Amino acid sequence: MTQSFSVVGKPLPRVDSMDQTMGKTQYVDDMTLPDMLVGRHLLSIHAHARILRIDTSRAESLPGVRGVITGSDLPITYGILPISQDEHALAVDRVRYVGEPVAAVAAVDAATAEEALGLIDVEYEPLDEVVTLEQAFADDRPILHGDGLGQNVHRSAALEFGDVEEGFARADYIREDVFFFGGNTHAALETHAALASYSQTGKLTLWSSTQVPHYVHRTLEKVLELPAGRIRVVAPAIGGGFGGKTDPFSHELTAAKLSMVTGKPVKINLSREEVFYAHRGRHPVLMWIKTGFENDGTITSMRFKTFLDGGAYGSYGVASLYYTGALQPTTYRIPNYRFEGVRVFTNKPPCGPKRGHGTPQPRFGLECQLDKAADHLGIDPATIRRRNAVEPFSTTVNHLRITSCALVECIDKVVEESGFAGKHRQLPSGRGVGLAVGAYMSGAGLPIYFNDMPQSEVQVKVDRGGGVTVFSMATDIGQGSTTMLATVIAESLGLEPADMIMVTADTDLTPVDLGSYSSRVTFMAGNAAVVAGRKIRSRVVQAVADELETEPGSIVAEHGRVGVAGDPDRSVSWADGVRLAIAATGPLVESGGYTAPKLAGSFRGAGVGISPAYSYSACVVEVDCDAATGIVKVERVWLAHDIGRALNPLLTEGQVEGGVYMGLGEALYEEHAFRGSLHRGPSLLDYKIPTALDMPPVETFLIESDDPEGPFGAKEVGQGPLLPVIPAVANAIHDALGVRIDEVPITPPKIVAALREVSRGRPGRVGPVTIPDYEFTRLTRVEVPEGFVTP
Amino acid sequence: MADHILAIDVNGDRHRVLVTDQRTLLEVLREDLGLTGTKHGCDVGECGACTVLVDDKPVLSCLVIARQVDGSSVQTVEGLAHDGKPDLLQEAFAELGAAQCGYCTPGMLISARSLLDDNPDPTTEEVQAGLAGNLCRCTGYIKIFDAVRLAAARDRGL
């Protein structure tokens, strides 16, 4: 059945777009309150040191300084995951990375606050640093979270599904490869900011550029020891997130504490340099992949080892670790699969979730290895991927439920549109094309802390004048969640998205949505909105049917009127319909909730990777490489994305283009690089993100597979399209020059080095060759799921 | 550190502001005049979010010492509209989804306005060059290029 929609599927502008372009959108740092103080952090100058003494007396006596706090004022630990409560707002006894906040000051203006920082005396005792994987696995280095010497393993995982040895035994061809994916960071244009105001009545309000007001709310409750009902967290407009504003951060807690101490509002806006230290970006991952193939390219078995450099704290790290192993089987039918991974602590800024969270790194390795295998077996890159592609409505070997899946259609589309078959191995030297695919979750199946409550709730209130107000804690970080919600409600009520009044991301006013992470908002908040919208609609429809003395089944709500389908004379305006409904059945206020189906298996780690639906993407990249300089110019990108349904094609296309952009940056330019424990360049000049001059044309194809559980069939688009871009670039460079750069970012010196190897008669490859000699223990063997069909 | 009285015209309004030697134009706009449409992404001239026009030339207001522009006329995103009607660029950016998070948008619009004032019919390559100093982390720039070209075409009556 073809559904017809009134606003779903239309390329409408964001509901707040004119405010944005007129300069009226308010971000946290645009806000001021009367008598507001400015807060600043003193940062650690050591990567690893004991704090012997902090003397704040000189700072406190500086005229204009209103408050100074240190770690002892906020002694309670926190962290985004319940199992990783290892952070302090300000360092207590010990610092673990350069840039870690040590003290905070509130003063009448920024200049005074900064002068006060210089008057805080901190006496450090430097400790041995742990910087590399090798050092983290050594026995003679200090333990970062604990006392004494020993290994700095944060968490390790070892899972086997099926029997990998049996799978390798029946393989015709087995290959092993090692890859490295360098760390990189979000670099949202808005630096993090928080404004706190503690009232005389003992209520705290925090406006913060956060993607997760609900989790910040819970963290403030814990660390400040205030009742949750006395804390309000508001996320106004957010100037980009990409996962970088998904943890509770020091400055949110210190701004709040300083406001409580001083009795005045306090605003802290992180500098660009501080954002590089607060980080939580992509983990550097070293990986080893061993895969068995039949001669026709069919995968028989796979082993995947990952080594994550986590930085100084837990953050999302346990989840990040499992994500480096979870989604490989969502694109390919891998009949036997073993994943072993380990995350270590080092004296560097903590890593966490960035767009694709833990999955772009293994996707890069997997897609490059698949191309190498195809090359060896004499199969073209598209065929080997089609041959192994998962099927819709199937189960993966690691117990993930697949519903709608248009992976093969995505491959076919980009292969056809790019002319891949006529270009691959056929373009002149220096030019090449590469193909890769990916899949991503439409929301994590489980909330971050264990509970059985809905993952998203939406309320709708209709005014007697017909005005519709939508309340949701979903946080618009630029991805367009507010417009998505307005579209879903407007579709249900026969109105226009721009007519909706949107109240979002405010813990006092809006019901819980867990936040803008894991690509969950369209699927979860969207589904909650569908429920709320239908309830409002059915009440208005019933009241109008009663008024017109007909059956509700014959009534439609569209174009701002409610009445008998096809009979304009027997209809009322939306506002009249609303008044009839309120008169008949009382206040027109309804709510909807969404809880994901129970999908997790019973093994340790089964909670990571499950999702009510997966998006699929395929990408072809064409490059032009200069063999003399190693400079890569991306000529064009074709990307097909299985979105289920595009609720708004303009916004979803924008997400695809943004994902391609960010993927190209990661593939070619960006690296969160360190010299020892010191960041090489915590600035937008040294950290190279693509400019307007670097961006090639992108051809986007939205494939609508109509997911059975998605809101109007929709799935995610915020993260998935980034995944295939990075390996597609690497595969295109190989096609262009015949060299393999098994290390991201693929910079010109690496290409030149690989070509130099070729000229000396050696294999043209740059990348890691070995992995640490780390023994994974406690392997969990998991039975293949019921109904799993071995290819 | 001496204080000075700065006289500037911002979006057609005359202002007198007491500034120190180090005060930047960005601080004057955002903190003294309350014109928060102009953003700051780095405060050291790397991102372009603070771009404004000074005497019709685009500058990074975070790098401009306020005293240097004494007597000048400044245009910010709040001043792009004419008689309450949005600039064609503002409409085209909104219409084509050229703003996602919107944080780079004010600076981007100012650079685009300056580009179109110099070159009313730019090619995509010329738009890319004209906006090379303004970083955007959301859009991949593509819809921004489209919006600038659309506004240019409408400006030429097409």
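**Group meeting: two sheets and the interface of chains A and B**

I'll start with one pair of residues: in strand 25 of chain A, A:Val589 is the bridge partner of A:Lys461. Strands here, like helices, are DSSP runs numbered from the N terminus, with at least two residues (E) for a strand and at least four (H or I) for a helix.

Before going on, the conventions. This is a predicted model, in which local features need pLDDT of at least 70 and side-chain atom pairs count only at pLDDT 80 or more, while totals for chains, interfaces and linings use all residues. Residues are numbered from 1 along each chain as its sequence is written, chains are lettered from A and ligands numbered from 1 in the order in which they are written, and side-chain values use heavy atoms, with hydrogens and water left out.

Back to that pair. Strand 19 of chain A, residues 456-462, runs antiparallel to strand 25 of chain A, and six bridges join the two. Both belong to an open sheet of four strands in chain A, ordered 21-20-19-25, with mixed pairing; two strands count as paired if DSSP finds at least two bridges between them. Strand 21 (501-504) and strand 25 (589-594) of chain A are the edge strands, each pairing on one side only. From one strand to the next, the twist averages 20°. Helix 15 of chain A, residues 521-548, lies across strands 19 and 25 of chain A and runs at about 150° to strand 25. Such angles run from 0 to 180 degrees between N-to-C directions, on axes fitted to C-alpha atoms, for helices over the stretch in contact.

The second sheet is also in chain A. It is open, has seven strands in the order 32-8-13-14-15-7-34, and its pairing is mixed. Its edge strands are strand 32 (743-744) and strand 34 (780-782) of chain A. Strand 7 of chain A, residues 153-161, is parallel to strand 34 of chain A, with three bridges between them; in strand 34, A:Val782 is the bridge partner of A:Phe161.

Past strand 32 there is a backbone detail. The peptide bond between A:Val744 and A:Pro745 is cis, with omega about 0°, and A:Pro745 sits in the loop between strand 32 and helix 19 (748-759) of chain A. Another loop, between strand 14 (299-309) and helix 9 (317-326) of chain A, holds A:Ser315. A:Ser315 is not a glycine, yet its phi is positive, about 45°.

Now the interface. How many residues does each chain give to the contact? Chain A gives 49 and chain B gives 43, contact meaning heavy atoms within 4.5 Å. Together the chains bury about 3,600 Å², 60% of it on carbon and sulfur atoms; buried area is the accessible area (1.4 Å probe) lost on putting two parts together, summed over both. In chain A, A:Thr21, A:Leu189 and A:Ala692 lose the most area to chain B, together 19% of what that side buries.

Six salt bridges are counted between chains A and B, each a side-chain nitrogen of Lys or Arg within 4 Å of a carboxyl oxygen of Asp or Glu. A:Asp29 makes a salt bridge with B:Arg30, with the closest N and O atoms 3.6 Å apart. On the side of chain A that touches chain B, helix 1 (17-21) and helix 17 (649-668) of chain A are the elements that give two or more residues. Helix 17 gives the largest share, eight residues.
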